[in-house]
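Colleague: Could you take me through one part of this model in close detail? I would like to see how a strand and a cavity fit into one picture.

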Amino acid sequence: MKYSKNTINALGIVLIALLSGCEKFLTTEPVNDVSDERTIYDKVSAETALRGVYRQLGASNYYGETYVTLGYFPSGDIKNLTTGGGANLVNINFRTDEVLFNSAWSAIYETINRANHVIAKVPQVQDPALTPALKDQYVGEAKFIRALAYFDLARAWGGVQLILEPTISLTDRPEIKRSSLADTYQQVLNDLEDAETLLPDGLNRIRATKRTVWALRARLHLYREEWALAEEYAGKLIALTSDYQLVKPYSAWFANDVTGSEESIFELQFSSINPSAIRAQMQHPTNGGTYRYAPTDQFVQLLLDPNIAGGRRALIGSVTQGGVTIWFGNLYYRLPATDPAYILRIAEMYLIRAEARVHLGELVGESSALEDLNQVRYRADLPPSAAATQDELLLAIENERRFEFAFEAHRWFDLARTKRAKEVLEALNPNASVEPYELLFPIPVTQRQLDPFLDPNPGYN
């Protein structure tokens, strides 16, 4: 089963005000629920439903917190300050009954279900105010979000059940088996290809456009080891220098008073009424946080070394109590917790293209992997890399991604896709033991108990 009981009326969100600009579109607050069968019937309800898809993408169990932490809890660079699930993930003790896996899985499928409602119903709406161009745009946005959701399921759990029609009750879910990883990634590509034809071009950092599609395609092709396509699509964004740039100093892309820096390709907004959940867990109590996890002492020392991390020192902050310095993550720092969730950044495009170029044999010189790598290093106030061979460059790019995306949803998935997790993480964490089957997370036992068509991942009970 994919949906919690709260999902039955998941799309039933009616908002106070009409759409007037992107920011208002994403920050208007819900006031009551309506049946899914009545949700999308005119322009206003279509906008409301699409807004609900974005809101669910930023839910606390998805990009609002839980899914992001799945990317860095097992990274070897985080220590857990509580008992329970966080400690298990830090030590690569992946359990089928882990609540964090179940909550993330459910939140992602709820996002998919909301997107499915928009995709299925918006084209049928008979409202002159909902023009064909708007219909295309809304369906394109929903298809992009569905593609992102299936991509996130695939890189975490492998092939999954592909649910492409809306579900309005717990009893009408389709009875299907899991697809292969290849077929799941193909569905992601299908949605992205559709979205690219439907969406407008242009700069928009908080709603999907053709450019957002290009960025996710670059990431998808990287994971599929389609190096020429990864290079091509990353290059599309890098070429748009008037809209996307690596900003200096490093902290400028997140430590500012407004969201949407030139670094950002796609991010999710939060507000004081709809706050980000991740900030409290990361920040120290002196900053109004609960401080449930923190960078390891070893990682702190690396971030403090100007020759290793450079300007990425800004990713951590500290307080001194009783003569002891206490370090915490500082990517999410605003109070109230209005920090955006960072989904796609131009720095990732440079590093995707760098990795693709290594595999294509474009190692050094102009238009090379080394040139792209050094662009990211220059922004971080680091000297040019001395890497020259294929192995040296791949390791240098891996390390660059480690620091660049320290508190974003990348590190674990990078090590899993390159099959480097065992070698790297067992060296960093003496309590960690990585088995080959653990490169995929376990299918949550709660979901398997509710859905007999959902097979477990090999190696897990």
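Modeller: Happy to; here is a walk from a strand to its partner and on to a cavity. This is a predicted model, in which local features need pLDDT of at least 70 and side-chain atom pairs count only at pLDDT 80 or more, while totals for chains, interfaces and linings use all residues. Residues are numbered from 1 along each chain as its sequence is written, and side-chain values use heavy atoms, with hydrogens and water left out.

Let's start with strand S4, residues 264-268 (strands are DSSP runs of E, at least two residues, numbered from the N terminus). Five of its five residues are buried, so S4 is largely enclosed by the rest of the structure; buried means under 20% relative accessible area with a 1.4 Å probe, protein chains only. S4 runs antiparallel to strand S8, residues 341-345, and four bridges join the two (strands pair if DSSP finds at least two bridges between them). Leu268 has Ala341 of S8 as its bridge partner.

Ala341 also lines the second largest cavity, together with Tyr63, Val68, Arg155, Arg219, Tyr332, Tyr342, Ile343, Glu408, Ala409 and His410. A cavity is a set of points on a 1 Å grid over the protein atoms alone where a 1.4 Å probe fits but cannot get out, and lining residues have an atom within 4 Å of a point. S8 gives the largest share of this lining, three residues. By type, the lining has seven nonpolar, one polar and three charged residues; Ala, Val, Leu, Ile, Met, Phe, Trp, Tyr, Cys and Pro count as nonpolar, Asp, Glu, Lys and Arg as charged, and the others as polar. The space in this cavity is about 70 Å³, a volume being the space filled by probe spheres set on the points.

Technical notes: Buried means under 20% relative accessible area, exposed over 50%, partly exposed in between (1.4 Å probe, protein chains only). On a 1 Å grid over the protein atoms alone, a cavity is a set of points where a 1.4 Å probe fits but cannot get out, and a pocket is an open set with protein on both sides within 12 Å along at least five of seven lines; lining residues have an atom within 4 Å of a point.
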